[in-house]
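Here is a set of exercises to work through with the sequence and the 3D view open side by side. Try each task on your own before you read its solution.

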Amino acid sequence: MATINLDNNYDIKIVHNIGELPKNAFDINKLKIFNILSTNQITFKIDFSNISSKQYKKILKQLLRIKSFLIKMKKQIGQQEKDKKIICYVINYDKNNTLQNDFILGINAIFFNTRYERYNYIYDTVCKYLDSFFYGKNLCDFKNNQCGEKRSANSNSYVGCCHHYKIKLLGPLIPNNLIPCEHLKENHTCGAICIGCKLFTCDYLEKQGVKFRIKDILLLDAFFNPLQKYFIKTMVFTPKEKIIKRLMIL
Ligand code: SF4
Ligand code: SF4
C-alpha cells in the first residue's frame, strides 16, 4: 500500500479498492464530534470522488476543531504501525491533482502539535509555493537589472519593488525619499522571507495574468481569520518571525 508521509510521524495510506478501507475509519466528509464520542482510537478515510474542492476549506476547519477536541479528551489519533501512526486512508486520490495535494497539505498542517508550529509550516509552505511559481521564469522581465514595471514607467529605479519611502507620511512629495528595503541583500535576494511581499503583484504582473489572492491559496484561506489575512497581505517589508508573532495574537 503506497503511503504519503506527513510531518510529526503521521502517515496517510493510499488504497485502490473500497474493500481496503478499514470499517471503523471515520469518513472525513461526515465528521461530527457526536459520532466520535464513544471511540477511543480514531482514524479517518477520504474518498476524493465524494468531495468537491469547494468543500476542502470547510472540511479542514472542521477537522481542526475535531483534532483539538480529541486531544482534550485524550483520545488516540491514528493507528500505530512501527514508528509511524496511520492517521488516514485515501481512495480515488490522484497524485497529479494540485487541489487534492493542497488538501493533503492542509491535513498535514492540522496535525502539528502547536499553533505556532502549524503557522510556521503554513508560512514556509506558501512561501516555497510562491517562490517556485516565479523560479526560472523571469516574470518581472528584468533586463539590465531593471524590471518591466520600472522600464515601462521610465523610472530610474533598479531595485524592483524592494524599496519604500524613508519618510512615509510625505511619500513622493519630497525628492530622494525612496530608499532600498533594508532586507534586500547585495545579491538582490530577500533576507526577510516576507510573505506579504511575495504575494504582491504590480500592474505589470497583473497584465500578464499573475495575481495572488489569499482565497485562492487553501492553506491561507482555511487556517486564518479575516484579520490575520489582512496582516498577511499588508505586512510587507517585514521579517517572517515578526509576521508569525503578530498572527499568533490575532
Ligand atoms: S513585481 Fe512588478 S515592480 Fe516588483 S520587481 Fe516585479 S515587475 Fe518590478
Ligand atoms: S522584505 Fe520585501 S521589499 Fe524587502 S527585500 Fe524582502 S521582498 Fe524586498
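The exercises below concern a predicted model, and each comes with a worked solution.

**Exercise 1. A strand and its partners**

Task: Work out which strands pair with strand E2, and in which sense.

Solution.
- Start with strand E1 (residues 3-5), which is joined to strand E2 (residues 10-15) by three bridges, the two strands running antiparallel.
- To place this pairing residue by residue, look at Asn-5, whose bridge partner in E2 is Asp-11.
- Next, look at the connection: E1 and E2 make a hairpin with four residues between them, and Asn-8 in the turn has a positive phi of about 60 degrees.
- Now turn to strand E8 (residues 84-91), which pairs with E2 in the parallel sense over six bridges.
- Two bridge pairs help to fix the register here: Ile-12 has Cys-88 as its partner in E8, and Lys-13 has Tyr-89.
- Put together, E2 runs antiparallel to E1 and parallel to E8.

**Exercise 2. Following the sheet through E8**

Task: Trace the pairings from strand E3 to E5, from E5 to E8, and from E7 to E8, giving the sense of each.

Solution.
- Begin at strand E3 (residues 26-27), which runs parallel to strand E5 (residues 44-47) and is joined to E5 by two bridges.
- In this pairing, Asp-27 stands opposite Lys-45 of E5.
- Move on to E5 and E8, which also run parallel, with four bridges between them.
- Phe-44 has Cys-88 as its bridge partner in E8, while the partner of Asp-47 in E8 is Ile-91.
- Compare this with the previous exercise: Cys-88 is the bridge partner of Ile-12 and also of Phe-44.
- Finish with strand E7 (residues 79-81), which pairs with E8 in the antiparallel sense over three bridges.
- Here Gln-79 stands opposite Ile-86 of E8.
- The hairpin of E7 and E8 has two residues between the strands, and Lys-82 takes a positive phi near 55 degrees.

**Exercise 3. Two helix pairs**

Task: Describe how H2 packs on H3 and how H4 packs on H10, including the handedness of each crossing.

Solution.
- For helix H2 (residues 56-72) and helix H3 (residues 98-110), the axes come within 10 Å and cross at roughly 15 degrees.
- Angles under 35 degrees count as roughly parallel, so H2 and H3 are roughly parallel to each other.
- The crossing of H2 past H3 is right-handed.
- On the H2 side, the contact is made by Tyr-56, Leu-60, Leu-63, Leu-64 and Lys-67, which meet Phe-103, Gly-106, Ile-107 and Ile-110 of H3.
- Sorting these contact residues gives seven nonpolar, one polar and one charged.
- For helix H4 (residues 115-134) and helix H10 (residues 240-248), the axes also come within 10 Å, but cross at roughly 130 degrees.
- That angle makes H4 oblique to H10.
- This crossing, too, is right-handed.
- Arg-115, Tyr-116, Tyr-119, Asn-120 and Tyr-123 of H4 meet Lys-240, Ile-244, Leu-247 and Met-248 of H10.
- The residues of this contact divide into six nonpolar, one polar and two charged.

**Exercise 4. The two ligand shells**

Task: Find the residues around ligand 1 and ligand 2, then sort each shell by residue class.

Solution.
- Around ligand 1 you should find Cys-140, Cys-147, Gly-148, Glu-149, Lys-150, Gly-160, Cys-161, Cys-202, Tyr-204 and Leu-205.
- Helix H5 (148-152) and helix H7 (203-207) are the elements that give two or more residues to this shell.
- Of the elements, H5 gives the most, with three residues.
- By class, the shell of ligand 1 holds six nonpolar, two polar and two charged residues.
- Around ligand 2, the list reads Cys-162, Cys-181, His-183, Leu-184, Cys-190, Ala-192, Cys-194, Cys-197, Val-236 and Phe-237.
- Sorted in the same way, the shell of ligand 2 has nine nonpolar residues, one polar and no charged.
- To sum up, two charged residues stand in the shell of ligand 1, whereas the shell of ligand 2 has none.

Definitions and conventions:
Residues numbered from 1 in each chain as written. Chains lettered and ligands numbered in written order. Predicted model: local features only at pLDDT ≥ 70, side-chain atom pairs only at ≥ 80, totals over all residues. Near = placed C-beta within 6 Å. Nonpolar A, V, L, I, M, F, W, Y, C, P; charged D, E, K, R; others polar. Pairing = 2+ DSSP bridges. Axes fitted to C-alpha atoms, helices over the stretch in contact; angles between N-to-C directions. Parallel < 35°, antiparallel > 145°, perpendicular 65-115°, else oblique. Left-handed = near helix turned anticlockwise from the far one by under 90°. Contact = placed C-beta atoms within 7 Å.
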